[in-house]
Amino acid sequence: MNFKKRMIKQRIAFLILSVISIGILFAIGSIFFVIFVNGLGVLNWKFLISITSFDFKGIPHGGIGPAIVGTFMVTGLGLAFAVPIGILAGIYLSEYRSKGKIFNVLRIMVANLAGVPSVVHGLFGLAVFVILFRFGLSILSAALTLSILALPIIIMTTENAMRDIPSDLREAAYALGAKRWQSALFVILPVAISKIMTGVILASARIAGETAPILFTGATLYLAHYPTAINQQFMALPYMIYGLMTTSMNISASMNFAYGIAIILIILITLMNIAIVILRLRTRKISS
Amino acid sequence: MKSKIDLLILISGWISVAIIVAITFFLFYNWFPLFKTTNPIEFFFGTLWYPTAVPPFYGILPLLDATLWISTLAILITFPSAFVLAVFMTHVVPKRMQYILKVFLEIFSSMPSVILGLIGLSIVAPYFQNTLNMDTGQNILNAALMLSLITIPMPTSMMEDFINAFPPEQKEGAEALGANKFETLTKVILPGLKGPFASIAMLSLGRIFGETMIVLMVAGNAAIFPTSIFQPARVLSATIASEMGETPVDTPHFYALFGIGAVLFILTFLINVVGEIVRIKYERQMMKE
């Protein structure tokens with residue numbers, strides 16, 4: 001085949017690839033667009049801080065204050081459980097058992113935990129936290145369930161972050177008489193922490209948007225007040241979208257409300273992702 | 001000498017194993033009482049899922065069948081799309097643009113799936129029904145499309161990493177022999193990445209299999225054996241999500257839903273283990289080279 005023909009073939013192939021890719025990216029972009037167009041109408045301060053109420057036709061009024069607070073509470077509490085354990089587990093994988101058969105088994109288990117369907121986590125939370133531990137349908141049960149979802153993400157980023165730290169640092173610490181845990185917690189961890197933070201933020205974005213695990217561990221569609229204690233049921237942003245779209249008697253009136261919530265969720269998650277990008281750029285600068 | 005902190009780290013290190021074991025135990029523990037009233041054969045091969053009828057039927061075959069339909073269609077859309085996107089990002093656009101697209105896809109991948117459900121339900125379904133004249137807009141095709149959209153970023157980013165990490169000697173070797181970018185891609189890079197791409201397909205399938213909210217909202221929730229992609233269907237995960245809330249604890253229906261959870265868990269576990277093992281194997285091979 002001559003040179004020209006081959007160049008033309010490459011051009012055509014890349015052109016087709018580009019058209020398809022731009023189509024997919026356009027579809028994804030239009031999702032953001034559609035959400036903002038449909039939801040902007042309901043957004044105002046009152047929407048963010050008011051209590052939700054439904055009139056006799058099932059049309060939602062007021063705002064999503066309790067759902068925002070509920071989502072923050074379960075996410076925060078879930079992280080409070082998952083972050084310390086996840087970081088310690090990551091330390092174990094990178095500093096204590098960084099190779100060998102057992103390491104491979106542990107790593108596959110972490111990956112598997114990340115792959116467990118979220119609705120199965122919900123069943124587990126129901127069986128263990130709600131029924132066995134008698135925490136009931138509550139913020140606590142839901143937060144514990146979500147913390148299990150967050151764990152593998154935090155473990156994997158911690159392990160990778162610690163592994164990237166050059167071993168001179170460890171050896172220097174050992175030479176000064178530090179024990180393994182002292183070197184891990186006081187020498188390696190502080191250097192790796194900003195990378196670990198990206199995992200923590202990623203995990204919180206993930207659990208803040210989850211619906212299936214909280215369906216039967218404590219979330220409720222309607223609450224007349226803000227949550228005040230962790231043994232209460234709670235409203236949550238993602239669950240509210242589901243509820244508005246599936247149980248409402250008046251779908252078209254509920255729809256704009258649901259889109260408004262979607263905007264809030266997307267803004268939250270985009271902010272978290274921007275934080276991740278900034279953290280990554282910072283760590284790149286430090287290591288170079 | 002081991003300190004208390006060493007012990008704490010050791011325990012945390014094994015927590016994922018402990019949780020996996022605990023999940024397995026509690027799924028089975030809440031599933032097996034079902035077999036006092038229902039024959040296992042009826043559970044696995046029964047063709048009717050009518051849990052609230054008198055007498056109730058707890059056959060999961062229609063749910064399993066629907067799960068296979070939707071996941072197969074979704075992976076058939078997801079995998080080629082992700083592949084095309086990964087090649088586009090690594091071979092067509094400039095480096096800077098590649099980074100921007102990566103961040104864009106990352107933001108999209110953390111979009112809650114319930115939002116895709118909202119879009120499927122309020123925009124795609126009416127469009128299917130009114131403009132394309134389908135019997136119902138809440139069907140297998142709609143669910144598969146929404147599932148694919150939310151899944152695409154993960155395999156795209158993994159494929160991109162593998163293409164970027166491809167041994168430069170081999171790439172440069174092909175180029176030195178006069179191959180252009182496209183020929184290097186199809187004749188050198190892709191044959192070398194068969195294994196990793198297989199594992200990526202498995203991992204995406206695992207993700208699609210367990211996704212709940214999208215299918216719950218847009219698949220139409222009819223526990224029938226579908227005969228075309230324009231029919232509604234009800235999958236394993238969505239059945240648990242839609243029924244568990246109203247099911248009293250310690251009833252046969254409750255046990256049956258845990259049974260579905262166990263089946264779902266085992267299937268995704270197998271898919272993910274195979275995917276992970278293949279991935280680790282090839283990651284190591286590529287590092288050695």
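**Cores, interface and backbone of a two-chain model**

Beyond its neighbours within four places in sequence, Ile64(A) is in contact with nine listed residues of chain A: Phe47(A), Leu48(A), Ser50(A), Thr52(A), Leu237(A), Met240(A), Phe257(A), Ile261(A) and Ile264(A). The model is predicted. Ile64(A) belongs to the largest nonpolar core, which holds 161 residues. Together with Ile35(A) and Met111(B), Ile64(A) touches the most other members of that core. Helix α6(A) supplies the largest share of the core, 14 residues. Another core lies apart from this one and has 21 residues. Among them are Val87(B), Met154(B), Met158(B) and Phe197(B).

Ser254(A) sits in helix α11 of chain A, which covers residues 251-287. The relative accessibility of Ser254(A) is 0%, so Ser254(A) counts as buried, the limit being under 20%. Residues up to four places away in sequence are again set aside for its contacts. Ser254(A) then touches Gly58(A), Pro60(A), Leu244(A) and Ser248(A).

Ile8(A) gives another case. This residue lies in helix α1 of chain A, residues 3-39. Ile8(A) has a relative accessibility of 46% and therefore counts as partly exposed, a class that runs between 20% and 50%. From Ile8(A) to Lys101(A) the separation is 93 residues in sequence. In space, the two C-alpha atoms are 50 Å apart.

The contact between the chains comes next. Chain B contributes 78 residues to the contact, and chain A contributes 76 residues. The area buried between chain B and chain A is about 7,000 Å². Carbon and sulfur atoms give 81% of that area. On the side of chain B, Ile9(B), Leu118(B) and Phe182(B) lose the most area to chain A. Together these three residues account for 9% of what that side buries.

Polar and charged pairs also cross the interface. Two salt bridges are counted between chain B and chain A. Arg280(A) forms a salt bridge with Glu106(B). The closest N and O atoms of this pair are 3.2 Å apart. Twelve residue pairs are in polar contact across the interface, both residues of each pair being at pLDDT 80 or more. Helix α14 of chain B, residues 252-288, gives the most to the side of chain B that touches chain A, with 14 residues. By type, the residues of that side divide into 54 nonpolar, 18 polar and six charged.

The backbone has some features of its own. Most residues other than glycine have a negative phi, and most peptide bonds are trans. Val54(B) and Pro55(B) are joined by a cis peptide bond, with omega about -10 degrees. Pro55(B) lies in the loop between β1 (49-50) and β2 (57-58) of chain B.

Positive phi values occur in both chains, at Arg134(A) and at Asn133(B). For Arg134(A), phi is near 60 degrees. Arg134(A) is found in the loop between α5 (118-132) and α6 (139-163) of chain A. Its relative accessibility is 73%, so Arg134(A) counts as exposed, the limit being over 50%. For Asn133(B), phi is near 55 degrees. Asn133(B) occupies the loop between α6 (113-131) and α7 (140-151) of chain B. With a relative accessible area of 63%, Asn133(B) is exposed.

Conventions. Residues are numbered from 1 along each chain as its sequence is written. Chains are lettered from A and ligands numbered from 1 in the order in which they are written. This is a predicted model: local features need pLDDT of at least 70, side-chain atom pairs count only at pLDDT 80 or more; totals for chains, interfaces and linings use all residues. Side-chain values use heavy atoms; hydrogens and water are left out. Contact means heavy atoms within 4.5 Å. Buried area is the accessible area (1.4 Å probe) that two parts lose on being put together, summed over both. A salt bridge is a side-chain nitrogen of Lys or Arg within 4 Å of a carboxyl oxygen of Asp or Glu. A polar contact is a pair of N or O atoms within 3.5 Å; within protein, one must be able to donate a hydrogen and the other to accept it, and residues adjacent in sequence count only if both atoms are side-chain atoms. Helices (H or I, at least four residues) and strands (E, at least two) are DSSP runs, numbered from the N terminus. Ala, Val, Leu, Ile, Met, Phe, Trp, Tyr, Cys and Pro count as nonpolar, Asp, Glu, Lys and Arg as charged, and the others, Gly among them, as polar. Buried means under 20% relative accessible area, exposed over 50%, partly exposed in between (1.4 Å probe, protein chains only). A nonpolar core is a set of buried Ala, Val, Leu, Ile, Met, Phe, Trp, Tyr and Cys residues joined through side-chain atoms within 4.5 Å.
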